[in-house]
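Here is a short walk through one small set of contacts and what surrounds them. Have the viewer open and follow along.

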Amino acid sequence: MKDYSFEEPFEKYPLAMAYVPWQHFTQMYENLEKGYKAGTIFPELDKPFTGRRCIK
């Protein structure tokens, strides 16, 4: 069962292409409990999802 209703032959297209920049280690949370609750121990990666865009 297809989960799309287009008549386009999607099989001929690549699945995805991504650009991922290098991340440089700069710092870690002093309070690791805060980092674990945020989902990352690296403050520069702590970007809460607000439904629109990342804010910080």
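## Starting at Thr40

Let's begin with Thr40, which sits in the segment after α1. Keep in mind that this is a predicted model. Is Thr40 buried or exposed? Thr40 counts as buried, because its relative accessibility is 14% and the cut-off for buried is under 20%.

What does Thr40 touch once its neighbours within four places in sequence are left aside? The list is Tyr29, Gly35, Leu45 and Asp46. There is also a link to the backbone: the side chain of Thr40 reaches the backbone nitrogen of Phe42 at 3.1 Å.

## The Phe25–Phe42 pair

Phe42 brings us to the rings. The structure holds 1 aromatic pair, and the partners are Phe25 and Phe42. How are the two rings arranged? They meet edge-to-face, with 5.8 Å centre to centre and 90° between the planes. The pair ties together distant parts of the chain: Phe25 is in the segment before α1 (32–38), Phe42 is in the segment after α1, and they are 17 residues apart.

Now for solvent. Phe42 has a relative accessible area of 25%, so Phe42 is partly exposed. Phe25 counts as exposed because its relative accessibility is 60%, and the cut-off for exposed is over 50%.

## A nonpolar patch on the surface

Phe25 turns up again on the outside of the model. Which residues join Phe25 in a nonpolar patch on the surface? They are Met28, Leu32 and Tyr36. Together the four residues of the patch have about 440 Å² of accessible area. So Phe25, in the segment before α1, has a part in the aromatic pair and a part in this patch.

## The chain as a whole

Stepping back, how many helices and strands does the chain have? The count is 1 helix and 0 strands. Of the 56 residues of the chain, 9% count as buried, and Thr40 is one of the buried residues.

The accessible surface of the chain comes to about 6,100 Å². Carbon and sulfur atoms account for 59% of that surface.

Technical notes. Residues numbered from 1 in each chain as written. Predicted model: local features only at pLDDT ≥ 70, side-chain atom pairs only at ≥ 80, totals over all residues. Heavy atoms only, no water. Helix = DSSP H or I, 4+ residues; strand = E, 2+ residues; numbered from the N terminus. Buried < 20%, exposed > 50% of the residue type's maximum accessible area, 1.4 Å probe, protein only. Areas by Shrake-Rupley, 256 points an atom, 1.4 Å probe, with all protein chains shown as cover. Phe/Tyr/Trp six-rings, centres within 6.5 Å; stacked < 30°, edge-to-face > 60°. Polar contact = N/O pair within 3.5 Å; in protein donor to acceptor, adjacent residues only side chain to side chain. Contact = heavy atoms within 4.5 Å. Patch = residues over 30% accessible without salt bridge, like charges linked within 9 Å, V, L, I, M, F, W, Y side chains within 5 Å. Salt bridge = Lys/Arg side-chain N within 4 Å of Asp/Glu carboxyl O.
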